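Welcome! Open your viewer, keep the selection tool at hand, and let us walk through this model one stop at a time.

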Amino acid sequence: MEWTQIFIPIVVSFAITVSVMPLFIGYFQMKKQGQVTREDGPTWHSVKTGTPTMGGVVFLVASLITSLAMGLFFHQFTPSLLIILFILVLYGLLGYLDDFIKVFKKRNMGLNSRQKLLVKFLVGWFSTLFIEVKAFQTP
């Protein structure tokens, strides 16, 4: 693997994130959508109230765009890349659901750790199963 196949995607993904993140933060601040803090928490923690969350969406979209574009550009668009991106999207959806519950349902806890662990386990298990079944079907 050449250094350009590593360096170019990193730079492109960073550029997308740096250019889009301020717009994303500004949009959520304008809509007054942000993190809710617990009433019984420490008083200094109230500073986080209203902090825009869901920034992972920007990282996820930047990673997807970069991976797909570079996979096509470097002729590395393989089933392995698609499986990895599918897993990335599923974990991103888990994070989005957690933040969605925090912001829009105004429930500061989001998903509990058992729910997150269960989803991650299922994604990993099904991904492994898919990869193993796919491996046996190769001619």
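**The nonpolar patch**

Begin by selecting Leu 118, Phe 121, Leu 122, Trp 125, Phe 126, Leu 129 and Val 133, which together make a nonpolar surface patch of about 700 Å². A patch is built from residues with over 30% relative accessible area and no salt bridge, joining nonpolar side chains (Val, Leu, Ile, Met, Phe, Trp, Tyr) within 5 Å and like charges within 9 Å. Accessible areas come from the Shrake-Rupley method with a 1.4 Å probe, and for residues only the protein chains shown count as cover. Now pick Phe 121, a residue of helix H4 (residues 113–136). Phe 121 counts as exposed because its relative accessibility is 52%. The cut-offs are these: buried is under 20% relative accessible area, exposed is over 50%, and partly exposed is in between (1.4 Å probe, protein chains only).

Please bear in mind that this is a predicted model, where local features need pLDDT of at least 70, side-chain atom pairs count only at pLDDT 80 or more, and totals for chains, interfaces and linings use all residues. Residues are numbered from 1 along each chain as its sequence is written, and side-chain values use heavy atoms, with hydrogens and water left out.

**The whole protein**

Zoom out and colour by secondary structure: the protein has 4 helices and 0 strands, running α-α-α-α from the N terminus on. Helices (H or I, at least four residues) and strands (E, at least two) are DSSP runs, numbered from the N terminus. Of the 139 residues, 23% count as buried. With a surface display on, you are looking at about 10,200 Å² of accessible surface, 71% of it belonging to carbon and sulfur atoms. Contact here means heavy atoms within 4.5 Å. Among contacts between residues at least 6 apart in sequence, 65% join residues at least 24 apart.

**Along helix H1**

What should the 27 residues of H1 span at 1.5 Å a residue? The expected value is 39 Å, and the end C-alpha atoms are 39 Å apart, which agrees. The expected span is 1.5 Å times one less than the number of residues in the helix.

Follow H1 to Val 20, where the helix bends by about 30 degrees, with a proline, Pro 22, within the four residues that follow. The bend is the angle between axes fitted to the seven residues ending at a position and the seven starting there.

Next, select the buried residues of H1: Thr 4, Pro 9, Ser 13, Thr 17, Met 21, Phe 24 and Phe 28. They pack against helix H2 (56–73). For a closer look, choose Ser 13, which counts as buried because its relative accessibility is 16%. Leaving out residues up to four places away in sequence, Ser 13 touches Ala 62, Ser 63 and Thr 66.

Ile 8 is also in helix H1. At 31% relative accessibility, Ile 8 counts as partly exposed. Its contacts, leaving aside neighbours within four places in sequence, are Met 70 and Phe 74. Try a distance from Ile 8 to Thr 66: the two are 58 residues apart in sequence and 9.2 Å apart in space, C-alpha to C-alpha.

Just after H1, stop at Lys 32, which takes a positive phi of about 55 degrees.

**The loop between H2 and H3**

Select His 75, in the loop between H2 and H3. His 75 has a positive phi of about 55 degrees although it is not a glycine. Is His 75 buried or exposed? With a relative accessible area of 72%, His 75 is exposed.

**Helix H3 and the salt bridge**

Helix H3 covers residues 79–104, and its end C-alpha atoms are 36 Å apart, which agrees with the 38 Å that its 26 residues should span. Its buried residues include Leu 94, Asp 98 and Ile 101.

Show the side chains of Asp 98 and Lys 116, which meet in a salt bridge (3.4 Å, N to O). Lys 116 lies in helix H4 and Asp 98 in helix H3, so the pair ties together parts that are 18 residues apart in sequence. A salt bridge needs a side-chain nitrogen of Lys or Arg within 4 Å of a carboxyl oxygen of Asp or Glu, and the structure holds 1. Side chains of opposite charge can pair when their charged atoms come close.

Compare the partners: Asp 98 is buried at 8% relative accessible area, whereas Lys 116 is partly exposed at 27%. Besides Lys 116, Asp 98 touches Met 109, Gly 110 and Leu 111, not counting residues up to four places away in sequence.

End your tour at Lys 106, which follows H3 and has a positive phi, near 55 degrees.
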